[in-house]
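Reader: I've got a chain in front of me and some labels I'd like unpacked. Can you take me through what sits behind them?

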Amino acid sequence: MTSLLNPKGTIFFLAFLPRYLPAHGQRGLAAFGLGVVFAGLTVVIYGTYAVGAGALRGLLDGPRVTARLRTVAGVVFVGFGISLCFELLHQA
């Protein structure tokens with residue numbers, strides 16, 4: 001679903017896929033084959049992410065880790081805010 005609903009993926013296929021199709025002959029079959037290869041790679045990649053996330057869930061699912069992740073995210077957002085302030089002051 002992620003790949004189907006992503007407009008960037010559609011634009012990518014429409015822009016680059018015709019390069020890899022034969023000039024004559026069974027273009028539809030070649031396009032279908034490339035689509036099957038893409039779908040297979042997508043399943044493998046997202047499946048690996050899912051299995052990896054499931055394996056790491058025990059390590060990352062705790063109140064101490066959650067508090068640390070929130071602290072890191074807060075520091076990053078404050079840093080972005082300070083950076084934006086300096087950029088706006090520099091432009092003025």
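Author: Sure. A helix here is a DSSP run of H or I with at least four residues, and a strand is a run of E with at least two. This is a predicted model, and by that count the protein has three helices and zero strands.

Reader: What pattern does the protein follow along the sequence?

Author: Read in order, the pattern is α-α-α.

Reader: How do you know that the span of helix α2 agrees with its number of residues?

Author: Helix α2 covers residues 27-60, which is 34 residues, and at 1.5 Å a residue it should span 50 Å. Its end C-alpha atoms lie 47 Å apart, so the two agree.

Reader: Where is the kink in α2 centred?

Author: On G54, with a bend of about 30°.

Reader: Why is I45 called partly exposed?

Author: Its relative accessibility is 43%. Buried means under 20% and exposed means over 50%, so a value in between is partly exposed. I45 sits in helix α2, and together with V37, L41, Y46 and Y49 it makes a nonpolar surface patch of about 520 Å².

Reader: What makes the protein unlike a compact globule?

Author: Compare the radius of gyration: a compact globule of 92 residues would come near 12 Å, but this protein has 22 Å. The C-alpha trace spans about 60 × 50 × 15 Å along its principal axes.

Reader: And how much of the protein is buried?

Author: Buried residues are 4% of the 92. The accessible surface comes to about 8100 Å², with 74% of it belonging to carbon and sulfur atoms.

Technical notes
Residues are numbered from 1 along each chain as its sequence is written. This is a predicted model: local features need pLDDT of at least 70, side-chain atom pairs count only at pLDDT 80 or more; totals for chains, interfaces and linings use all residues. Side-chain values use heavy atoms; hydrogens and water are left out. The expected span of a helix is 1.5 Å times one less than its number of residues. The bend at a residue is the angle between axes fitted to the seven residues ending there and the seven starting there. Patches are made of residues with over 30% relative accessible area and no salt bridge: like charges are joined within 9 Å, nonpolar side chains (Val, Leu, Ile, Met, Phe, Trp, Tyr) within 5 Å. Accessible areas come from the Shrake-Rupley method with a 1.4 Å probe; for residues, only the protein chains shown count as cover. A salt bridge is a side-chain nitrogen of Lys or Arg within 4 Å of a carboxyl oxygen of Asp or Glu. Buried means under 20% relative accessible area, exposed over 50%, partly exposed in between (1.4 Å probe, protein chains only). The radius of gyration is taken over C-alpha atoms; the globule rule is 2.2 Å times the number of residues to the power 0.38.
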